[in-house]
Amino acid sequence: MNIAIISSSKDLAGVNIRNNLIEIFNFEGIDEKFDSNNVYEYNKIKNKNIKSYLINSDLIHAENIDKKIEADVFIFASKHKSKENTPSFTVHPIGNWDKAEFGGEERKLCLSSAVLLKNLFIKLNKNGNKNYEISMEATHHGPYISKPAVFVEIGSTEKEWSDKSNGEIIAKTIISTLNQDNKYKIAVGIGGTHYCTNFNKIVLSTDIALSHICPKYHLDKLNEGLLQQSIEKTKEKADFILLDWKGLGTEKQRILNLLKNINLEFKRGDQV
C-alpha cells in the first residue's frame with residue numbers, strides 16, 4: 001500500500017509535522033521531487049510505502065492531487081484554526097455537504113476510511129498534550145480527490161503550529177497508526193456539533209468507527225443523494241448509520257423519513 005503524507009510550505013504546522021517525520025523516523029531523501037520540493041520515503045512498516053510530500057499551495061486547494069501523486073491513501077498534515085484559538089489536535093474526513101467555500105467541490109464528499117480516522121483519533125488521545133482539546137470534526141472543506149483521505153491537524157495559533165513537540169506528537173501518531181490494522185463496526189454519523197462531542201465519546205469507548213459525519217448545521221442540506229454518497233464514499237463497508245439523537249434538532253423527523261429510503265439500518269447514539 002502506498003501512503004502519501006502531504007504538507008504545505010505555506011502551513012507552519014504541516015512543515016513542523018513533516019520535519020519531525022523526517023527527523024524522528026529517518027525518512028530518506030529519494031531521487032524524486034514534487035512541486036520543486038524533495039520527496040522523502042519511509043519503508044519500515046510491512047507492506048506499506050510511505051512518502052512525505054511538500055506542496056507550495058494551500059492544502060484545501062490541492063484539487064485532484066491524487067492524479068499527480070500515486071498513492072492509495074492521502075494524509076494531509078495541517079494547521080487548524082478556530083475562533084476561540086483553542087490549543088487542539090483534530091482529525092476529520094473531507095468533502096462538502098453544501099457550497100465549496102474552502103476548496104473541494106460543491107455537495108461532493110471524498111472517500112473516507114473510518115478505520116484510519118478512528119485509529120488516528122485513539123492515538124492522538126494517547127499521545128496528545130492533555131491540556132489540548134483532542135477532537136474529531138465533521139466532514140468539511142477540500143481538496144477534492146478520489147482516493148481515501150484524512151486531515152490531521154494542530155490548532156489553533158502560530159504558537160501551537162510551530163511548537164516542535166506538537167509536530168512530534170502528530171508524526172508519532174501517524175506512523176504508529178499506520179503500523180496497526182483493526183476491524184471495527186463501520187458507521188456514517190449524522191447530527192451533533194462540528195466538534196462531534198457525542199461521537200467522540202462513542203468512538204473512544206466502543207468498537208464503532210465513523211467515516212463521514214454530517215453536523216447539525218448542515219442537516220437542512222442533507223438529502224437522499226448526499227446520504228447515499230456518504231455511504232458509498234466510505235472505504236470500508238458501512239454497517240449502519242449512527243444518529244446523534246439529540247443533535248438532530250428540528251430535522252429529526254425529516255432525517256428519519258430519509259432513512260426509510262436507504263437500505264441500511266440506523267442506530268441512536270444514546271443507545272449504543
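**Strand pairing and helix packing**

Helix H6 (residues 224–232) lies across E9, E10 and E11, and its axis runs at about 150° to E9. The model is a predicted one. A further helix, H5 (residues 197–205), also lies across E9, E10 and strand E11 (240–243). The angle between H5 and E10 is about 160°.

The strands beneath these names belong to an open sheet. Four strands make up this sheet, in the order E10-E9-E11-E12, and their pairing is parallel. Strand E10 (208–214) and strand E12 (266–268) form the edges. Each has a single partner strand, so one side of each is left without a neighbour in the sheet. On average, neighbouring strands of this sheet are turned by 35° against each other, direction ignored. Within the sheet, strand E9 (residues 185–190) pairs with E10 in the parallel sense over five bridges. Here Gly189 stands opposite Ile213 in E10.

Strand E1 was examined next. In general, the strands of a sheet pair through backbone hydrogen bonds, either parallel or antiparallel. E1 (residues 2–8) pairs with strand E4 (residues 48–55) in the parallel sense, over seven bridges. E1 also pairs with strand E5 (residues 73–80), again in the parallel sense, over four bridges. Ile3 takes part in both pairings: Ile3 stands opposite Ile50 in E4, and the bridge partner of Ile3 in E5 is Val73. E1 is mostly covered, with six of its seven residues buried.

Conventions:
Residues numbered from 1 in each chain as written. Predicted model: local features only at pLDDT ≥ 70, side-chain atom pairs only at ≥ 80, totals over all residues. Heavy atoms only, no water. Buried < 20%, exposed > 50% of the residue type's maximum accessible area, 1.4 Å probe, protein only. Helix = DSSP H or I, 4+ residues; strand = E, 2+ residues; numbered from the N terminus. Pairing = 2+ DSSP bridges. Axes fitted to C-alpha atoms, helices over the stretch in contact; angles between N-to-C directions. Contact = heavy atoms within 4.5 Å.
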